[in-house]
Amino acid sequence: PNHNPKVARPWPYSVHVTDAAGRPLSGTVKIQFTFGGQVVGTDTPPVHPIRAGRWHDNLTYPRAATGQSVTLQAVVHTNAGSVTLSWPVTARQ
């Protein structure tokens with residue numbers, strides 16, 4: 001919903017996957033975090049199923065993340081191919 005999640009509070013996010021015609025696709029999404037181009041963390045579990053074109057979850061950033069800029073990456077795999085989606089975030093109090 002934004003680029004500035006509040007620490008210690010659930011931050012909702014969604015991944016929507018469709019083909020070129022707008023039809024929903026199923027597959028998997030791996031959620032990871034990068035800093036300076038390097039993977040520094042992954043969601044637990046790291047890989048989630050995408051059903052009917054959607055994955056939704058909540059992330060809670062720790063207080064130690066306050067002011068830290070990272071990139072949330074969703075690595076999506078479907079029968080139509082793979083793509084990495086990036087979303088820069090900076091956690092705030």
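This tour moves from the whole chain to its strands, its core and a few single residues.

**The whole chain**

Start with the full chain in a cartoon view, bearing in mind that this is a predicted model. The protein contains six strands and zero helices, so that, read along the sequence, its pattern is β-β-β-β-β-β. With a radius of gyration of 14 Å, close to the 12 Å that the globule rule gives for 93 residues, the protein is as compact as a globular protein of that length. If you align the view to the principal axes, the C-alpha atoms fill a box of roughly 40 × 25 × 20 Å.

Switching to a surface view, you are looking at about 5700 Å² of exposed area, 54% of which is supplied by carbon and sulfur atoms. Of the 93 residues, 32% count as buried. A contact map would add that, among contacts with a separation of 6 or more, 61% are between residues 24 or more positions apart.

**Strand 5 and its partners**

Next select residues 69-78, which form strand 5. Seven of the ten residues of this strand are buried, so strand 5 is largely enclosed by the rest of the structure. Add residues 81-90, which are strand 6, and you will find ten bridges joining it to strand 5 in an antiparallel arrangement. A hairpin through two residues makes the connection between strand 5 and strand 6, and within this pairing Gln-73 has Ser-86 of strand 6 as its bridge partner.

Now bring in residues 27-35, the span of strand 2. Strand 2 and strand 5 run antiparallel and are joined by eight bridges. Two places to label along this pairing are Thr-28, which stands opposite His-77 in strand 5, and Thr-34, which stands opposite Thr-71 in strand 5.

**The hairpin of strands 2 and 3**

Extend the selection to residues 38-50, where strand 3 runs antiparallel to strand 2 and is joined to it by eight bridges. Phe-33 stands opposite Gly-41 in strand 3. Two residues lie between the strands of this hairpin, in which Gly-36 takes a positive phi near 60°.

**Thr-34 in close-up**

Is Thr-34 buried or exposed? Its relative accessibility is 8%, and because buried means under 20% relative accessible area, Thr-34 counts as buried. Show its surroundings and, not counting residues up to four places away in sequence, you will see that Thr-34 touches Val-39, Val-40, Val-70, Thr-71 and Gln-73.

**The nonpolar core**

Which residues of the largest nonpolar core touch the most other members? Select Val-29 and Tyr-61, which hold that position in a core of 20 residues. Two or more residues of this core come from each of strand 1 (10-16), strand 2, strand 4 (54-60) and strand 5, and strand 5 gives the most, with four residues. In soluble globular proteins, nonpolar side chains tend to be buried together.

Centre the view on Tyr-61 and display its contacts: leaving aside neighbours within four places in sequence, these are Pro-5, Val-7, Ala-8, Trp-11, Phe-33, Val-70, Val-89 and Ala-91. Val-70, already met beside Thr-34, is thus also among the contacts of Tyr-61.

**A last stop at the salt bridge**

Finally, select Arg-23 and Asp-19, whose side chains meet in a salt bridge with an N to O distance of 3.0 Å. The count for the model comes to one salt bridge. Arg-23 has a relative accessible area of 53% and is exposed, whereas Thr-34, visited earlier, is buried.

Methods: Residues numbered from 1 in each chain as written. Predicted model: local features only at pLDDT ≥ 70, side-chain atom pairs only at ≥ 80, totals over all residues. Heavy atoms only, no water. Salt bridge = Lys/Arg side-chain N within 4 Å of Asp/Glu carboxyl O. Buried < 20%, exposed > 50% of the residue type's maximum accessible area, 1.4 Å probe, protein only. Contact = heavy atoms within 4.5 Å. Core = buried A, V, L, I, M, F, W, Y, C linked by side-chain atoms within 4.5 Å. Rg over C-alpha atoms; globule rule 2.2 N^0.38 Å. Areas by Shrake-Rupley, 256 points an atom, 1.4 Å probe, with all protein chains shown as cover. Pairing = 2+ DSSP bridges.
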